[in-house]
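Here are my notes on this one, point by point. Have the model open alongside while you read.

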Amino acid sequence: APGACERALRSSERWADESFDSVKTPSAAVVLGTRTAWAAALEGALLIKEIGRIPCEGVETREGATAAMTALNADHLALSLPTPGDDLIGEAEEICRARGAQVLRAPGGLEADRRVSAITAFPASLALSVALALRAGWDADNPEWISSYYTTARRSS
């Protein structure tokens, strides 16, 4: 796992440098992942919502190819989280593209055992979320909603 994490960090940096300038800021997004990457898709969607401030749904890849794709259009983004042996992700990406959505394939998952995909997908999802936040002028380190979150998530002593 440590080596996989190191590789995911490096590949996410390269991916961000090579890909993000061409990505239009979406009005909504979906994150797709198969098997254990489904958990990574849920976390990726949460990052995009909380940090990037863009409505996002994390779904299992087949759900992305059959239901989540129905609302996609040219203003939307689909982030796919491929893992070794994932025969479904390419088809889902093509379906999302056919609906007009931008499709980004995150790095990190193909270089590691799919059982650690929730960890190896995190750097790419985080990098994209921060890039979207900064582009919109949001403070990625201290979102303005944080005080509301703390009010409901923590009890004072």
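1. Start with helix α1 (residues 2–19) and α6: their axes come within 8 Å and cross at roughly 30°. This is a predicted model, so read the numbers in that light. Angles under 35 degrees count as roughly parallel, and α1 and α6 are therefore roughly parallel to each other. The crossing of α1 past α6 is right-handed.

2. Which residues make the contact between α1 and α6? On the α1 side you'll find Ala-8, Leu-9, Ser-12 and Trp-15, and they meet Pro-123, Ala-124 and Leu-128 in α6. Sorted by class, the contact of α1 with α6 comes out at six nonpolar residues, one polar and no charged ones.

3. Ser-12 deserves a closer look. This residue sits in helix α1, and with a relative accessibility of 3% Ser-12 counts as buried; the cut-off for that is under 20%. If you set aside the neighbours within four places in sequence, Ser-12 is in contact with Pro-107, Pro-123 and Ala-124. For a sense of how the chain folds back, take Ser-12 and Val-130: they are 118 residues apart in sequence, while their C-alpha atoms are 12 Å apart in space.

4. Helix α6 (residues 122–136) also packs with helix α2 (residues 37–50), at an angle of about 20° and with the axes 8 Å apart. That angle makes α2 roughly parallel to α6. Here too the handedness is easy to state: α2 passes α6 in a right-handed crossing. From α2 the contact draws on Glu-43, Gly-44, Leu-47 and Ile-48, and from α6 on Phe-122, Ser-125, Leu-126, Leu-128 and Ser-129. By class, the residues of this contact of α2 with α6 split into five nonpolar, three polar and one charged. Leu-128 is worth clicking on, as it is listed in the contact with α2 and also in the contact with α1.

5. On to the sheet. What is the strand order? Four strands form an open sheet, in the order β2-β1-β3-β4, with parallel pairing. The edges are β2 (56–60) and β4, each of which pairs on one side only. From one strand to the next, the twist averages 20°.

6. Now the individual pairings, working across the sheet. β1 and β2 run parallel and are joined by five bridges; Leu-32 has Val-59 as its bridge partner in β2. Helix α2 packs on this sheet, where it touches β1, β2 and β3, and the direction of α2 makes about 180° with that of β2. Strand β1 (residues 28–33) is joined to β3 by six bridges, again running parallel, and Gly-33 is partnered by Leu-81 in β3. Then β3 and strand β4 (residues 102–105) pair in the parallel sense over four bridges, with Leu-104 in β4 as the bridge partner of Leu-79.

7. Is strand β3 buried or exposed? Six of the six residues of β3 (residues 76–81) are buried, so this strand is largely enclosed by the rest of the structure. In a regular strand the side chains alternate between the two faces of the sheet. Both faces of β3 are covered: one side has His-76, Ala-78 and Ser-80, the other has Leu-77, Leu-79 and Leu-81, and all of these are buried.

8. Last, two backbone spots to check by eye. Arg-35, in the loop between β1 and α2, has a phi near 50°, which is a positive value in a residue other than glycine. At 39% relative accessibility, Arg-35 counts as partly exposed. Arg-53 lies in the loop between α2 and β2, and its phi is also positive, at about 60°, although Arg-53 is not a glycine. With 33% relative accessibility, Arg-53 counts as partly exposed. Helix α2 is thus a handy landmark for finding both: Arg-35 is in the loop between β1 and α2, and Arg-53 in the loop between α2 and β2.

Technical notes: Residues numbered from 1 in each chain as written. Predicted model: local features only at pLDDT ≥ 70, side-chain atom pairs only at ≥ 80, totals over all residues. Heavy atoms only, no water. Axes fitted to C-alpha atoms, helices over the stretch in contact; angles between N-to-C directions. Parallel < 35°, antiparallel > 145°, perpendicular 65-115°, else oblique. Left-handed = near helix turned anticlockwise from the far one by under 90°. Contact = heavy atoms within 4.5 Å. Nonpolar A, V, L, I, M, F, W, Y, C, P; charged D, E, K, R; others polar. Buried < 20%, exposed > 50% of the residue type's maximum accessible area, 1.4 Å probe, protein only. Pairing = 2+ DSSP bridges.
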